[in-house]
Amino acid sequence: MSKLTLISWNVNGIRAIARKGFAPWLEKVQPDILCLQETKANPNQLDKSLKNIPNYHSYFSSAAKAGYSGVATYTKIKPKQASFGLKYDGIDEEGRVALTEYDDFLLFNVYFPNGKASKERLAYKMKFYDEFLETVSKLTKQGKNVIFCGDVNTAHKPIDLARPKENETISGFLPEERAWLDKVIASGFIDTFRVFNQKPDQYSWWSQRTRARQRNVGWRIDYFFVNSVFAPKVTNAFIMPEVMGSDHCPIGIEIQL
């Protein structure tokens with residue numbers, strides 16, 4: 001039996017987080033796999049300390065547009081294979097998906113789109129959602145175990161944000177976005193955090209505009225989902241609100257194989 005710790009974190013800029021104590025934090029926490037979102041950098045813009053972290057293999061997916069989007073996966077276990085994107089026309093230019101394949105599971109590190117900017121961006125977000133769910137559902141039907149994590153950019157239930165009533169017409173808590181999360185669960189995926197923690201006031205993102213973090217006026221929009229067959233392997237799920245450096249905090253799961 002081996003125990004693995006997986007952590008996911010929207011860092012709001014990997015170069016920014018590097019200046020805010022990322023290396024000592026990683027040295028202390030030592031997850032087996034770390035998935036970062038919103039890296040906002042191409043690998044050739046990163047110095048060696050971020051590209052070649054001792055004991056980790058690293059995989060980067062970056063957007064065609066500079067300083068935007070992007071994900072990075074650091075893993076102590078060398079994956080059998082790594083690939084990027086969803087292979088659907090028109091939604092892979094933003095560097096939002098890194099897939100690493102292991103003996104026991106497939107891991108998708110995903111930075112899901114934000115729909116707040118415009119109707120077009122909301123439509124893009126919903127298309128991305130649908131294509132992604134189709135991809136992972138196909139894999140579970142083939143008997144694969146799937147973990148997907150990252151910034152989903154939607155709070156699922158009223159318990160998942162501090163002010164549900166005021167946000168019912170805001171992207172991130174729209175009925176159609178929440179209905180997609182219902183579909184994820186109906187497709188056999190488990191929101192791991194809610195298996196272990198049913199309490200309110202558990203958030204992973206806070207607006208930087210209004211001292212929201214000090215007041216814990218937040219949203220839980222970062223998740224680890226696993227398919228139901230694999231769910232018994234998950235022994236813990238947690239949020240790390242004490243970790244600063246981004247407008248999001250890290251979240252994680254422990255699995256026993």
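**Figure 1. N167 and the residues it touches in this predicted model.** Leaving aside residues up to four places away in sequence, N167 makes contact with L161, F173 and W219. You'll find N167 in the loop between β8 and α5. Is N167 buried or exposed? With a relative accessibility of 14%, N167 counts as buried, because the cut-off for buried is under 20% relative accessible area.

**Figure 2. N153, with a positive phi.** The loop between β8 and α5 also holds N153. Its phi sits near 65°, a positive value, and this residue isn't a glycine. N153 has a relative accessibility of 9%, so it goes down as buried.

**Figure 3. N216, another non-glycine residue with a positive phi.** Here phi is near 55°. Where is N216 in the chain? Look in the loop between α7 (212-215) and β11 (218-219). N216 has a relative accessible area of 29%, so it counts as partly exposed.

**Figure 4. The largest nonpolar core.** This core has 28 residues. Which of them have the most contacts inside it? They are F108, F112, F128, F132, F148 and W180. Two or more residues apiece come from β6 (97-101), β7 (106-111), α4 (119-141), β8 (146-151), α5 (175-186) and β12 (222-227). Helix α4 gives the largest share, nine residues. As a bit of background, nonpolar side chains tend to be buried together in soluble globular proteins.

**Figure 5. Zooming in on F108.** What does F108 touch, not counting residues up to four places away in sequence? The list runs to V97, A98, L99, F132, T135, V136, L139, V146, I147, F148 and C149. F108 is also one of the residues with the most contacts inside the largest nonpolar core, and F132 and F148 are in that group too.

**Figure 6. A second nonpolar core.** Apart from the largest core lies another, made up of 25 residues. Among them are C35, Y102, L107 and I253.

**Figure 7. K138 and P200, two residues to find in one view.** K138 is part of helix α4. Its relative accessibility is 46%, so K138 counts as partly exposed. How many residues separate K138 and P200 in sequence? They are 62 residues apart along the chain, and their C-alpha atoms are 33 Å apart in space.

**Figure 8. Stepping back to the whole protein chain.** The chain has seven helices and 14 strands. Its radius of gyration is 17 Å, close to the 18 Å given by the globule rule for 257 residues, so the chain is as compact as a globular protein of that length. Along the principal axes, the C-alpha trace spans about 45 × 40 × 40 Å. Buried residues make up 55% of the 257 in the chain. Take the contacts with a separation of 6 or more: 70% of them join residues 24 or more positions apart.

**Figure 9. The surface and the charges of the protein chain.** The accessible surface adds up to about 11800 Å², and carbon and sulfur atoms account for 51% of that. How many side chains are positive and how many negative? There are 35 positive and 28 negative ones, and the centres of the two sets lie 4 Å apart.

Notes: Residues are numbered from 1 along each chain as its sequence is written. This is a predicted model: local features need pLDDT of at least 70, side-chain atom pairs count only at pLDDT 80 or more; totals for chains, interfaces and linings use all residues. Side-chain values use heavy atoms; hydrogens and water are left out. Helices (H or I, at least four residues) and strands (E, at least two) are DSSP runs, numbered from the N terminus. The radius of gyration is taken over C-alpha atoms; the globule rule is 2.2 Å times the number of residues to the power 0.38. Buried means under 20% relative accessible area, exposed over 50%, partly exposed in between (1.4 Å probe, protein chains only). Contact means heavy atoms within 4.5 Å. Accessible areas come from the Shrake-Rupley method with a 1.4 Å probe; for residues, only the protein chains shown count as cover. Lys and Arg count as positive and Asp and Glu as negative; His and the chain ends are not counted. The place of a charge is taken as NZ of Lys, CZ of Arg, CG of Asp or CD of Glu. A nonpolar core is a set of buried Ala, Val, Leu, Ile, Met, Phe, Trp, Tyr and Cys residues joined through side-chain atoms within 4.5 Å.
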